[in-house]
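This report describes a single protein chain, moving from one local contact to the overall fold and then to selected helices and residues. Please keep the sequence and the structure in view while reading.

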Amino acid sequence: MSKALVIIPTYNEKENIEEMVWEVFSLPVAFHLLIVDDGSPDGTGEIVKELQKEFKDRLHLIERKGKLGLGTAYITGFKYALENDYDFVFEMDADFSHNPKDLVKLYHACNDDGADLAIGSRYLTGVNVVNWPMGRVLMSYFASKYVQFITGMPIYDATAGFKCYSRKVLQRIELDKIRFIGYAFQIEMKFKAWNYGFKIKEIPIIFTDRAKGQSKMSVNIFKEAIFGVISMKVNSLFRKYPPKHVSQSE
């Protein structure tokens, strides 16, 4: 079985993290789990350390000092995955807005169906979001439409944060040159993968707003995405990428 690592960035997720760890390790795929904790004052990191006694070979923890941003947390996790020879690497939230069972769908999309990047999509088959205020649903939905329009990416959920990368995608993308650290990070990673010609597949999921803990979303995070997309697209015009139909094999 291919080695698969799920990366979950955390900040004050003590109400969710233990249940999430047990859920991931109960799945039929033998996922490993890496928690990247940004110095949570609520003791999230300590809970993970206790759980490592139970899952010492599958549960990993990187502790950082202070809130350094979602994007840098994932970059840290991606580098860990490459250094430790994982074949597939997942992004996932700690708050159960992403259903852990859907990890299996993303895994099969890459491992069995040949996708290089599988995206858990909220908007592939309509709007599949539960318990969000209508204003936030509309803002998220039209943000994805905006990104699709500006970049030309044929992706319905351009801002999705539930994904599986094959190893070769992370090897090809220059991780140290990723510019964004917040919401726009998700867009930039997809944009790079698409420009390099990797095979991208969206898998429909149902996104459910968190029941426990506090959301980390803010208006500034959306602003970064809206304005960052334009500069990202402009900069791409001055960089040469391989033809879209070429499948990357390195």
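Which backbone atom lies 3.4 Å from a polar atom of the side chain of S121? In this predicted model, the answer is the backbone nitrogen of Y123.

**Strand β5 and S121**

S121 is found in strand β5, and with a relative accessibility of 0% it counts as buried. Leaving aside residues up to four places away in sequence, S121 touches Y156, D157, E202, I203, P204 and I205. R179, by contrast, is 58 residues from S121 in sequence and lies 24 Å away in space, taken from C-alpha to C-alpha.

**The chain as a whole**

The secondary structure of the protein chain amounts to eight helices and nine strands. Its radius of gyration is 17 Å, close to the 18 Å that the globule rule gives for 250 residues, so the chain is as compact as a globular protein of that length. The C-alpha trace spans about 50 × 40 × 35 Å along its principal axes, and 52% of the 250 residues count as buried. The exposed area of the chain is about 11400 Å², of which carbon and sulfur atoms supply 56%. Among contacts between residues at least 6 apart in sequence, 80% join residues that are at least 24 apart.

An unreviewed UniProt entry carries the annotation "domain: Glycosyltransferase 2-like" for residues 6–173. Over residues 6–173 the chain is 39% helix and 18% strand, and the end C-alpha atoms are 19 Å apart.

**Helices α4 and α7**

Helix α4 (residues 102–111) has seven buried residues out of ten, so it is largely enclosed by the rest of the structure. The buried residues are D102, L103, V104, L106, Y107, A109 and C110, and they pack against the helix α1 (17–25) as well as the strands β1 (4–10), β4 (88–91), β5 (117–121), β7 and β8 (200–204).

Helix α7 (residues 184–195) is likewise largely enclosed by the rest of the structure, because twelve of its twelve residues are buried. The buried residues of α7 include the charged-letter positions E188, K190 and K192 along with F185, I187, M189, F191 and W194. At 1.5 Å a residue, the twelve residues of α7 should span 16 Å, which agrees with the 16 Å between its end C-alpha atoms. Just after α7, G197 takes a positive phi of about 85 degrees.

**F162, next to β7**

F162 is found in the loop between α5 (134–151) and β7 (163–166), and it is buried, with a relative accessible area of 0%. Not counting residues up to four places away in sequence, F162 touches E91, M92, H98, N99, D102, L103, L106, A118, I119, G120 and I205. Three of these contacts, D102, L103 and L106, are also among the buried residues of α4. I205 is 43 residues from F162 in sequence, yet the two C-alpha atoms are 9.4 Å apart in space.

**T10, in β1**

T10 is found in strand β1 and is buried, with a relative accessible area of 4%. Its side chain is joined to that of D37 by a polar contact of 2.7 Å. Beyond residues up to four places away in sequence, T10 touches I17, I35, V36, D37, D38, S40, T44 and A94.

**Selected residues outside helices and strands**

Two residues other than glycine with positive phi are set out below.

| Residue | Place | Phi | Relative accessibility |
|---|---|---|---|
| N12 | loop between β1 and α1 | about 55 degrees | 24%, partly exposed |
| F96 | loop between β4 and α4 | near 70 degrees | 23%, partly exposed |

Where does L237 lie? It is in the segment after α8 (219–236), and with a relative accessible area of 59% L237 is exposed. L237 and Y123 are 114 residues apart in sequence, and their C-alpha atoms are 28 Å apart in space.

How values were computed:
Residues are numbered from 1 along each chain as its sequence is written. Side-chain values use heavy atoms; hydrogens and water are left out. UniProt positions are given in the numbering used here, feature names are shortened, and annotations may be inferred rather than shown by experiment. Helices (H or I, at least four residues) and strands (E, at least two) are DSSP runs, numbered from the N terminus. The expected span of a helix is 1.5 Å times one less than its number of residues. Buried means under 20% relative accessible area, exposed over 50%, partly exposed in between (1.4 Å probe, protein chains only). The radius of gyration is taken over C-alpha atoms; the globule rule is 2.2 Å times the number of residues to the power 0.38. Contact means heavy atoms within 4.5 Å. Accessible areas come from the Shrake-Rupley method with a 1.4 Å probe; for residues, only the protein chains shown count as cover. A polar contact is a pair of N or O atoms within 3.5 Å; within protein, one must be able to donate a hydrogen and the other to accept it, and residues adjacent in sequence count only if both atoms are side-chain atoms.
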